[in-house]
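Here is a short tour of one protein chain, written with the bench in mind. Have the sequence and the 3D view open as you read.

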Amino acid sequence: MRITTVPAPVAALALIAFSTVGLQAQSRGRDLPRGFRSLAGVTLDRDNAATIRAALGNTRERETGAGHDRYTSWCYVPAGRASGVLLELMSDASDLGMPEHELNVIRLRADAPAAEREGCATLPASTPLSTPAGLRLGLTRERVERLLGPPTRALGDSMVYAFDAKEYMRPGTPEYEKWNTQEYRESCFDAGPPYANVGALVIVVFRGARAAEIRLERDDQSVC
């Protein structure tokens, strides 16, 4: 869990330009379900640069973006497929990022250009390119909606789901001990136990009738 004393930045969205604040206001206090936080055996806000490499192998690392929208990314391609499928795993590399490069974004594309796939490691053959809940490339809009419900926003070629919730800190952790004081409880947490604000996004982009791109994001920040 990332704990800071400054507001969370607006999420960097390479796929679609829209108001993250407006979308989160519509999320009704829901967190991203656990069945949509993992893909290819790695999980948002749990895995990091070291565990990604341990699970999927060494690969090209590079930085993209600038300022608050700067990311460190690692890329992988499926084994035995002559296709444009590309898996990108990203960590916030701004001044709010974690030193161990916690995983914040999972992006899976069906038709990435060859130049973007160059230098990417090959995934183990058994790697699942689907979330545990069944979100994957190739699904129809109707199937995506059956999995996730009505989207927060539906655009011409995309479905966008926004989530915004509280995640309470676990007693005994360093974060809990830091924030669990009478002063912080009263000034930051409405006199209750300490928690982090969690923001998450699921974006599904379609080419014709089928999902050709999936982006999963999850990040947490202190409310104080």
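## A proline in a loop

Pro113 sits in the loop that links strand 6 (105-109) to helix 3 (114-117). Keep in mind as you look at it that this is a predicted model.

Is Pro113 buried, exposed or partly exposed? Its relative accessibility is 41%. Because buried means under 20% and exposed means over 50%, Pro113 counts as partly exposed. To find a partner for it in space, look back along the chain to Gly84: the two residues are 29 apart in sequence, yet their C-alpha atoms lie 6.6 Å from each other.

## A patch of arginines

Now turn to the surface charge. Arg136, Arg143, Arg146 and Arg210 together form a positive surface patch.

One of these residues, Arg143, belongs to helix 4, which covers residues 141-148. Arg143 has a relative accessible area of 33%, so this residue is partly exposed. That value fits with its place in the patch, because patch residues need over 30% relative accessible area.

## The chain as a whole

Stepping back, the chain contains six helices and eleven strands. It has 224 residues, and 49% of them are buried.

How much area does the chain expose? The figure is about 10,500 Å², with carbon and sulfur atoms supplying 50% of it. As for contacts, take those between residues at least 6 apart in sequence: 65% of them join residues at least 24 apart.

Conventions
Residues are numbered from 1 along each chain as its sequence is written. This is a predicted model: local features need pLDDT of at least 70, side-chain atom pairs count only at pLDDT 80 or more; totals for chains, interfaces and linings use all residues. Side-chain values use heavy atoms; hydrogens and water are left out. Helices (H or I, at least four residues) and strands (E, at least two) are DSSP runs, numbered from the N terminus. Buried means under 20% relative accessible area, exposed over 50%, partly exposed in between (1.4 Å probe, protein chains only). Contact means heavy atoms within 4.5 Å. Accessible areas come from the Shrake-Rupley method with a 1.4 Å probe; for residues, only the protein chains shown count as cover. Patches are made of residues with over 30% relative accessible area and no salt bridge: like charges are joined within 9 Å, nonpolar side chains (Val, Leu, Ile, Met, Phe, Trp, Tyr) within 5 Å. A salt bridge is a side-chain nitrogen of Lys or Arg within 4 Å of a carboxyl oxygen of Asp or Glu. Lys and Arg count as positive and Asp and Glu as negative; His and the chain ends are not counted. The place of a charge is taken as NZ of Lys, CZ of Arg, CG of Asp or CD of Glu.
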